[in-house]
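This report goes through selected local features of one protein model. It covers a helix residue, a helix pair, two loop residues and a pocket.

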Amino acid sequence: MNRQPAGSTRREFGQRAGLLMLGLLAAGCGGPAPAKSGQSGGAVTGEIRMITPIFEGSDGAQVLSGLIADFTKQHPGVKVTPDYTTYAKLNEKLTTSLASGRPYDVMLMGVGWIPPFAAKGVLADLGDTPAALTAEYNDRVVQPGVYDGKVYARPIMLDTRFGYYRKDIFQQAGLDPEKPPATFAEIRDYARKLTVRGSDGKLTRAGIDILGIDIRQGFETLVWAAGGDLFTPDGKVAFNQPKAVSALQLMTDIIRTDKSEDLGFTEPGAATGVPIVQGRAAMMLGHNNTWQEFEQNAADLVKSGKIGFFVITGERPALFQGGTIGAVSAKSKVQPAAKEWVKYLASSGPSLAANQQRGNVPALKSLLSSEYVQKNPAVQFAMKNLGNAYSEGGIPAWLQIRGDFKATIESALLGKQSPQQALDDLAKKADAAIASGK
């Protein structure tokens, strides 16, 4: 789900995170003070089995080992055993563990995943209240862990999507480098002016890159900016309603009418690199980790302040907020310990270490002033704009529906269907999944 830092940059973040953890542990502030289980004053004990799609690789394992050592020092009767996986395999492993009758005690999962699991009764109520958590986190960050009024997960790290633009290219095209697009109409207008094609018609610079991130997440960001939503508050399909359709129409117009980008010009994780970093795109809808690509491959642009950010805005400003949240199994035999571990991971020191290792966005308001955030303009921009953040999911059938968005969006971009037809067809599939209770 999260885009990974490139090779050497990722190692650098791992090294920094390792140093950060040494400092935290030495200062005794790696997490909250030792806590009780809530069972007549008894200390929490037991072995916690945790599945995690983050802390991957040797760098991540080093950070997690430090966190485990700190936590078990505070709670000597606890052992934490991690099972590393990827987001691509996470749902399958979670489902298998539940079917086997031996679920993981702690499950780190994606934003949007809580309703599908909470609706089946497999998650434990953490005992928090949304109102209490909003004192520490932005309300937009708290809500993905809430289902039916109860808190089932705490946020550990976020990853966001927003607009990037090249101020130097804006200036070359006669656009004000300090005024990024503020409406859908301006996005299209600026993109047309910034697009460059050769005499043979071949695209050499995209006015805007809307295909450089997960296509579903890009579409969703535009839906929210258009004033639409994926589902109604009572769980019915809303992504084929007029405002949401206008988001797919915008994507289609950029590709097919304005020709400000070509299909295949870029794609997430492409070996050719990020076009906006290379100057092959003037704007993009990007991940906060794109900043690392700039730092690694275009340091001169970073130093000269030629990279700008903007919140995608149509009827309202919106940025995509995904991330990793921690939940506890309702059937865990070590629930008190598991809940303490989740609270620890979501606390300031551990959260900061986890986010720094991956270059992601901390969820805690207090970390906005941290050195890590202050030295990363993209992360700082994301944190300051979390009030405009929206998250996918929200209904029990989400995990069955989300995989069908890619083909739907591509059908419109290829001209096989109109945006309305494509989204109506997807709505029929979604309605069936919702009706089946999945």
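Helices here are DSSP runs of H or I with at least four residues, numbered from the N terminus. The model is a predicted one.

**Val141 and its surroundings**

Under this definition, Val141 belongs to helix H6, which covers residues 139-142. The relative accessible area of Val141 is 2%; the cut-off for buried is under 20%, so Val141 counts as buried. Leaving aside residues up to four places away in sequence, Val141 is in contact with Pro155, Leu158, Gln321, Ala363 and Leu386. Between Val141 and Val111 the C-alpha to C-alpha distance is 9.2 Å, with a sequence separation of 30 residues.

**Two loop residues with positive phi**

Asp148 and Lys259 are set side by side below.

| Residue | Phi | Loop between | Relative accessible area |
|---|---|---|---|
| Asp148 | near 55° | strand S4 (146-147) and strand S5 (150-151) | 67%, exposed |
| Lys259 | near 55° | helix H10 (242-257) and helix H11 (275-278) | 45%, partly exposed |

For Asp148, the phi value is positive in a residue other than glycine. Lys259 likewise has a positive phi without being glycine. The class of Asp148 follows from its 67% relative accessible area, because exposed means over 50%. Lys259, at 45%, is partly exposed, since that class runs between the 20% and 50% limits.

**Packing of H2 against H15**

How are helix H2 (residues 57-74) and helix H15 (residues 348-358) oriented where they pack? The angle between them is about 175°, and their axes lie 10 Å apart. Angles over 145 degrees count as roughly antiparallel, and H2 and H15 are therefore roughly antiparallel to each other. On the H2 side the contact is made by Asp59, Gly60, Val63 and Leu67, and on the H15 side by Pro350, Ala353 and Gln357. By class, this contact of H2 with H15 holds four nonpolar residues, two polar and one charged.

**The largest pocket**

The largest pocket encloses about 740 Å³ of space. Its lining is made up of 29 residues, and those nearest the pocket centre are Gln143, Ser391, Gly393, Gly394 and Ile395. Helix H6, the element that holds Val141, supplies at least two residues of this lining, as do S4 and strand S13 (389-390). By class, the lining of the largest pocket has 15 nonpolar, eight polar and six charged residues.

Terms used:
Residues numbered from 1 in each chain as written. Predicted model: local features only at pLDDT ≥ 70, side-chain atom pairs only at ≥ 80, totals over all residues. Heavy atoms only, no water. Buried < 20%, exposed > 50% of the residue type's maximum accessible area, 1.4 Å probe, protein only. Contact = heavy atoms within 4.5 Å. Axes fitted to C-alpha atoms, helices over the stretch in contact; angles between N-to-C directions. Parallel < 35°, antiparallel > 145°, perpendicular 65-115°, else oblique. Nonpolar A, V, L, I, M, F, W, Y, C, P; charged D, E, K, R; others polar. 1 Å grid on protein atoms, 1.4 Å probe; cavity = no way out; pocket = protein on both sides within 12 Å on 5 of 7 lines; lining within 4 Å. Points joined across faces, edges and corners; volume = space filled by probe spheres on them.
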